[in-house]
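Trainee: Could you take a close look at a single part of this model and then place that part in its wider setting?

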Amino acid sequence: VQLQASGGGLVQAGGSLRLSCAASGRTYGMGWFRQSPGKERDLVAGISWSGVDKYYSDSVKGRFTISRDNAKHTLYLQMNSLKLEDTADYYCAAVRMGEPFYTAPSYDNWGQGTQVTVSS
């Protein structure tokens with residue numbers, strides 16, 4: 001399954017963006033990672049196949065919302081109240097079958113990144 005992220009861009013602090021990730025086929029658990037220069041790639045949000053169960057890192061909890069539309073094979077990340085420190089390349093990813101969506105090592109299928117830049 002191929003994953004393609006989109007929706008990044010330049011936004012002022014306090015603003016919002018919505019990222020999308022189109023999958024070419026069925027996936028199981030999915031998530032969004034982000035990586036800024038000189039830092040590791042971190043899992044910021046994950047979601048079960050059903051969409052019922054979700055995970056958020058402490059850094060985005062209460063501001064970001066992950067969701068999915070399985071009929072469209074699409075994953076979303078609604079990002080509100082953006083901060084300067086949210087600036088990063090954002091990647092969507094899918095877990096190996098049977099693996100939990102809330103841990104980074106579960107993910108083995110990555111899309112290309114989409115850049116998010118938050119300005120003051």
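**A close look at β11**

Mentor: In strand β11, T117 is the bridge partner of L10. The model is predicted, so local features require pLDDT of at least 70 and side-chain atom pairs count only at pLDDT 80 or more, while totals for chains, interfaces and linings use all residues. Residues are numbered from 1 along each chain as its sequence is written, and side-chain values use heavy atoms, with hydrogens and water left out.

Strands here are DSSP E runs of at least two residues, numbered from the N terminus; two of them pair if DSSP finds at least two bridges between them. Four bridges link β11 to β2 (residues 9–12) in the parallel sense. With β9, β11 runs antiparallel over three bridges, and T114 of β11 is the bridge partner of Y90.

In a regular strand, side chains alternate between the two faces of the sheet. The covered face of β11 holds T114, V116 and V118, whereas Q115, T117 and S119 form the uncovered one.

β11 (114–119) is also relevant to the largest nonpolar core, a set of buried (under 20% relative accessible area, 1.4 Å probe, protein chains only) Ala, Val, Leu, Ile, Met, Phe, Trp, Tyr and Cys residues joined through side-chain atoms within 4.5 Å. This core has 26 residues, and Y90 is among those with the most contacts inside it, as are W32, I66, L75, L77 and M79. The elements giving two or more residues to this core include β11, β9 (88–95) and β1 (3–6). A second, separate core has seven residues, among them L43, Y91, A93 and Y107.

Technical notes:
Buried < 20%, exposed > 50% of the residue type's maximum accessible area, 1.4 Å probe, protein only.
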